[in-house]
Amino acid sequence: LPCLSLPSRMHLIQVDSVQRWMEDLKLMTDCECMCILQSKPISIEKDEQNELILSSQYSTCDNLQLLLKRAWIISTELTRIAQKLEKNRWQRVHSMTVRVNCHVRSMINEYNTFTRNSSEEMHQFEKLLIDKCSEFTAFTERCIQTEDEQILKSMKSCINETLTTVAQYFGQLIELVLTHEAQNLLRQIELSDSVYITESAISSLFSLTQEGAHLCRIIAKEGGVVALFKICRQDCFRCLYPQTLRTLASICCVEEGMHQLEKVDGILCLADILTDNTHSEATHAEAAAVIAQITSPHLTFTQHLSSFLENMEEIVTALVKLCQEASSGEVFLLASAALANITFFDTMACEILLQLNAMKILLAACSDKHIVDTPYSRDQVVTILANMSVLDQCASEIIQGNGVQLLMEMLFERSSSGNSAEVAACERVQQKSAVTLARLSRDPEVADAAVKLSCIPRLIKLCRSPTERNNSDSVLVACLVALRRLAVMSPDGLEDSDFQQLVKPRLVDSFLLCTNMEESFV
């Protein structure tokens, strides 16, 4: 957003538009009520007031969600005001300004009904924001009362400046509010001996982490990682370990969370949890999810995880065991995702996996459709195979475990739902299976098995038919490389036209030929 940075980071779950309208309707009508009541609260009886205070204690999460939704509406309205102002739509600008004014007052009143001990700084920003909103409304009202172009032009820059200030105050107030709420929740986690209160606080904290990276940074800066690992080191809170670890995984998507994890020896704690057989499978799975998060190859700030290397063998061993004993597809997915990321993180991991017979375990798991039941799981398995395939000893393991057959099947991976995330996962499975075949085909035995399983015709089909590879260039390149490797080992498997177009030219020329190929020629 041009005038506000914080709300642009806010996350809102995509839902049906009618459902969204129904949810927003209450906020909109509240807003109109506030307009009439001039922000004066309706008095209530003492008993009813006590009931209101009592109920608010048990709905912190709901109150925060209401606050975030109100903040999202305000930030959206501010953006729309800026757009209308650019087009000189003065009547619309004024009506939207009045609406923002009401929303701001409603938000502040709503927040003050359920918050406790808010700071003096927060009250100051509330007053600043309300005053500036009133000033903003007065400015826009003057604009609709005149048609003089010169006056309107001179006032436009002033309104722009006021809009920017409103957005700035609003962003700072939301930042203070969210920081205050994070501090309250963390204080509850640190001071409470009650499992119920701690569970409620962790649940609310997890909800906050789902609102985006900015909130995760706030929680990390306020000591969230430290507080949560403290829970993971207390046996009396064992029943809360899965929930706690899930929250930690969310916070560790940001650099501040990773730094805090390193400071509190979080890797060692995770290793202890994973290797402790007295913990539940759910706890082990969530610990694997944290490992998968902190070793993600998409993160650029994993270099400081020096303690990970010290505990890597223990962690990898525990994750392989979790894959082998997984009772559900979700558990297998989390454990295999962690292993896949670790194979990117350090090459020594591939050697450890080979020693642990991980190849055999993963190939066996793929034959169980209840365990490896989605393209996402197959993506993790083939990632591990692709990274392990750089080792010479890997070829014999693949042959023994009927791995070439699995790689051939993965070349046919297609999405059943058409969901964009699933389609992308299918593309990765096709690409990585072709990469693995290309790497392993340096071994004559693997190449011979691939030829006998008709891998060459399938690779040709993927190269020539854009729909077979979902128009993916990365799949095309991987298939061309694999085809060329197999063609060296078995030149008789190709027709002359395939050889002349897909193997003989430079790779880039074959790539351009295939990307320009029309479906009707296939």
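Is Asp235 buried or exposed? Select Asp235 and have a look: at 57% relative accessibility, Asp235 counts as exposed. Keep in mind as you go that this is a predicted model.

**Stop 1: two salt bridges**

Stay with Asp235 and add Arg238 to your selection. Their side chains meet in a salt bridge, 3.4 Å from N to O. Arg238 has 29% relative accessibility, so it counts as partly exposed.

Now jump to Asp509 and Arg506. Here too the side chains meet in a salt bridge, with 3.0 Å from N to O. Asp509 is partly exposed, at a relative accessible area of 32%, while Arg506 is exposed at 56%. If you feel like hunting for others, the structure holds 18 salt bridges.

**Stop 2: a small network in helix 3 and beyond**

Select Glu77, Arg80 and Arg99 together, and you have a network linked by salt bridges. Zoom in on Arg80 and Glu77: their closest N and O atoms are 2.9 Å apart. Where do Arg80 and Glu77 sit relative to each other in helix 3? Show residues 60–86, which make up helix 3, and you'll find the pair three residues apart, separated by about one helical turn. An α-helix has 3.6 residues a turn, so residues three or four places apart point the same way. Colour by accessibility if your viewer allows: Glu77 counts as buried at 3%, whereas Arg80, at 30%, counts as partly exposed.

**Stop 3: helix 8 and the glycine after it**

Next, highlight residues 213–221, which is helix 8; its buried residues are His214, Leu215, Cys216, Ile218, Ile219 and Ala220. Then step just past the end of helix 8 to Gly223, which takes a positive phi of about 95°.

**Stop 4: the second largest pocket**

Turn on the surface and centre the view on Ser296, His298, Ala337, Asn341 and Gln380. Of the 22 residues lining the second largest pocket, these are the closest to its centre. About 610 Å³ of space lies in this pocket.

Which elements give two or more residues to the lining? Try colouring helix 10 (241–251), helix 13 (281–294), helix 15 (329–345), helix 18 (375–388) and helix 21 (420–440). Helix 15 gives the most, with seven residues. Recolour the lining by residue type, and it divides into ten nonpolar, six polar and six charged residues.

**Stop 5: Cys394**

Pick Cys394, which lies in helix 19 (residues 394–400). With 1% relative accessibility, Cys394 counts as buried. What is Cys394 in contact with, leaving aside its neighbours within four places in sequence? Show the side chains of Leu354, Met359, Met388, Ser389 and Leu440, and there you have its partners. Try the distance tool on Cys394 and Cys350 as well: they are 44 residues apart along the chain, and their C-alpha atoms are separated by 9.7 Å.

**Stop 6: helix 23**

Finish with residues 455–464, or helix 23. Eight of its ten residues are buried, so helix 23 is largely enclosed by the rest of the structure. Those buried residues are Cys455, Ile456, Arg458, Leu459, Ile460, Leu462, Cys463 and Arg464. To see what covers them, switch on the surroundings, including helix 20 (403–410), helix 21, helix 22 (444–452), helix 24 (473–489), helix 25 (496–503) and helix 26 (507–515). Helix 21 is one you have already met, among the helices lining the second largest pocket.

Note on methods
Residues are numbered from 1 along each chain as its sequence is written. This is a predicted model: local features need pLDDT of at least 70, side-chain atom pairs count only at pLDDT 80 or more; totals for chains, interfaces and linings use all residues. Side-chain values use heavy atoms; hydrogens and water are left out. On a 1 Å grid over the protein atoms alone, a cavity is a set of points where a 1.4 Å probe fits but cannot get out, and a pocket is an open set with protein on both sides within 12 Å along at least five of seven lines; lining residues have an atom within 4 Å of a point. Grid points are joined across faces, edges and corners, and a volume is the space filled by probe spheres set on the points. Helices (H or I, at least four residues) and strands (E, at least two) are DSSP runs, numbered from the N terminus. Ala, Val, Leu, Ile, Met, Phe, Trp, Tyr, Cys and Pro count as nonpolar, Asp, Glu, Lys and Arg as charged, and the others, Gly among them, as polar. Buried means under 20% relative accessible area, exposed over 50%, partly exposed in between (1.4 Å probe, protein chains only). A salt bridge is a side-chain nitrogen of Lys or Arg within 4 Å of a carboxyl oxygen of Asp or Glu. Contact means heavy atoms within 4.5 Å.
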